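Let's take a walk through this protein together, starting with the overall picture and then stopping at a few individual residues. Keep the view open as you read.

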Amino acid sequence: MSKIKKLILVTAEYHPLHKYFTTLAERVAKEFGVETEVKYEDYIFLIEHGDTDELGMAWIPQLLAELSDGNVVLLLSKAPFDADLKPDLEKGYEEIMNRIRTSPSG
């Protein structure tokens with residue numbers, strides 16, 4: 001069974017959700033004892049490994065994990081929002097943990 005080798009955050013510092021995704025990446029990295037690699041506006045990487053729209057275009061930010069077997073899995077590509085339409089850290093964390101549990105690394 002593969003383990004998480006590192007987290008990969010693809011983002012842009014100017015993006016409104018940059019801090020939200022950074023906070024989640026730091027929390028998950030600390031919990032699993034792995035590093036976080038930050039890639040800035042690496043759309044090619046996201047087109048290959050992340051979430052894309054119906055035209056095949058990627059968006060930022062997205063959080064992924066590289067596994068010990070070399071595979072890359074998507075952990076979070078869209079921030080969940082609360083009733084006040086603000087990004088919800090706990091719901092985002094839950095989504096990430098659910099993806100980890102259901103991925104080959106779980």
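What follows goes from the whole chain down to single places in it.

One thing to know up front: this is a predicted model. With that in mind, how many helices and strands does the protein have? There are three helices and four strands. If you trace the chain from its start, they come in the pattern β-α-β-α-β-β-α. The radius of gyration is 13 Å, close to the 13 Å that the globule rule gives for 106 residues, so the protein is as compact as a globular protein of that length. Along the principal axes, the C-alpha trace spans about 40 × 30 × 25 Å.

Now for how the chain packs and what it shows to the outside. Of the 106 residues, 43% count as buried. Take the contacts between residues with a separation of 6 or more: 61% of them come from residues 24 or more positions apart. The accessible surface adds up to about 6,200 Å², and carbon and sulfur atoms hold 52% of that. As for charge, the protein carries 12 positive and 19 negative charges, and the mean positions of the two groups are 5 Å apart.

Let's begin the residue tour in strand β1, which covers residues 4–11 and holds Thr 11. Is Thr 11 buried or exposed? Thr 11 is buried, because its relative accessible area is 0%, and the cut-off for buried is under 20%. Leaving out residues up to four places away in sequence, Thr 11 touches His 18, Val 38, Lys 39, Tyr 40, Glu 41, Ile 60 and Pro 61.

Two of those neighbours deserve a stop of their own. Here's some background first: most residues other than glycine have a negative phi, and most peptide bonds are trans. Glu 41 has a positive phi of about 50° even though it isn't a glycine. You'll find Glu 41 in the loop between β2 (35–40) and α2. With a relative accessible area of 38%, Glu 41 is partly exposed.

Pro 61 is the other one. The peptide bond that joins Ile 60 and Pro 61 is cis, with omega at about -10°. Where does Pro 61 lie? Look in the loop between α2 (43–49) and β3 (62–67).

Thr 52 also lies in the loop between α2 and β3. Its relative accessibility is 29%, so Thr 52 counts as partly exposed. Which residues does Thr 52 touch, not counting residues up to four places away in sequence? They are Leu 46, Ile 47, Met 57, Ala 58 and Trp 59. Thr 23 is 29 residues from Thr 52 along the chain, and the C-alpha atoms of the two are separated by 23 Å.

For a contrast in distances, move on to Val 73, which has its place in strand β4. Val 73 and Arg 99 are 26 residues apart along the chain, and their C-alpha atoms are separated by 8.7 Å. Val 73 has a relative accessible area of 17%, so this residue is buried. Apart from residues up to four places away in sequence, Val 73 touches Leu 64, Ala 65 and Leu 67.

Keep going past β4 (72–76) and you come to a loop that leads to α3 (89–102); Leu 85 lies in that loop. Like Glu 41, which has a positive phi without being a glycine, Leu 85 has a positive phi, near 60°. Leu 85 counts as exposed, because its relative accessibility is 68% and exposed means over 50%.

The last stop is about rings. How many aromatic pairs does a search of the whole structure find? The search finds one. Tyr 20 and Phe 21 form this pair, and its geometry is edge-to-face: the rings are 5.6 Å apart centre to centre, with 70° between the planes. Both Tyr 20 and Phe 21 are buried.

Note on methods:
Residues numbered from 1 in each chain as written. Predicted model: local features only at pLDDT ≥ 70, side-chain atom pairs only at ≥ 80, totals over all residues. Heavy atoms only, no water. Helix = DSSP H or I, 4+ residues; strand = E, 2+ residues; numbered from the N terminus. Rg over C-alpha atoms; globule rule 2.2 N^0.38 Å. Buried < 20%, exposed > 50% of the residue type's maximum accessible area, 1.4 Å probe, protein only. Contact = heavy atoms within 4.5 Å. Areas by Shrake-Rupley, 256 points an atom, 1.4 Å probe, with all protein chains shown as cover. Lys, Arg positive; Asp, Glu negative; His and termini not counted. Charge placed at Lys NZ, Arg CZ, Asp CG, Glu CD. Phe/Tyr/Trp six-rings, centres within 6.5 Å; stacked < 30°, edge-to-face > 60°.
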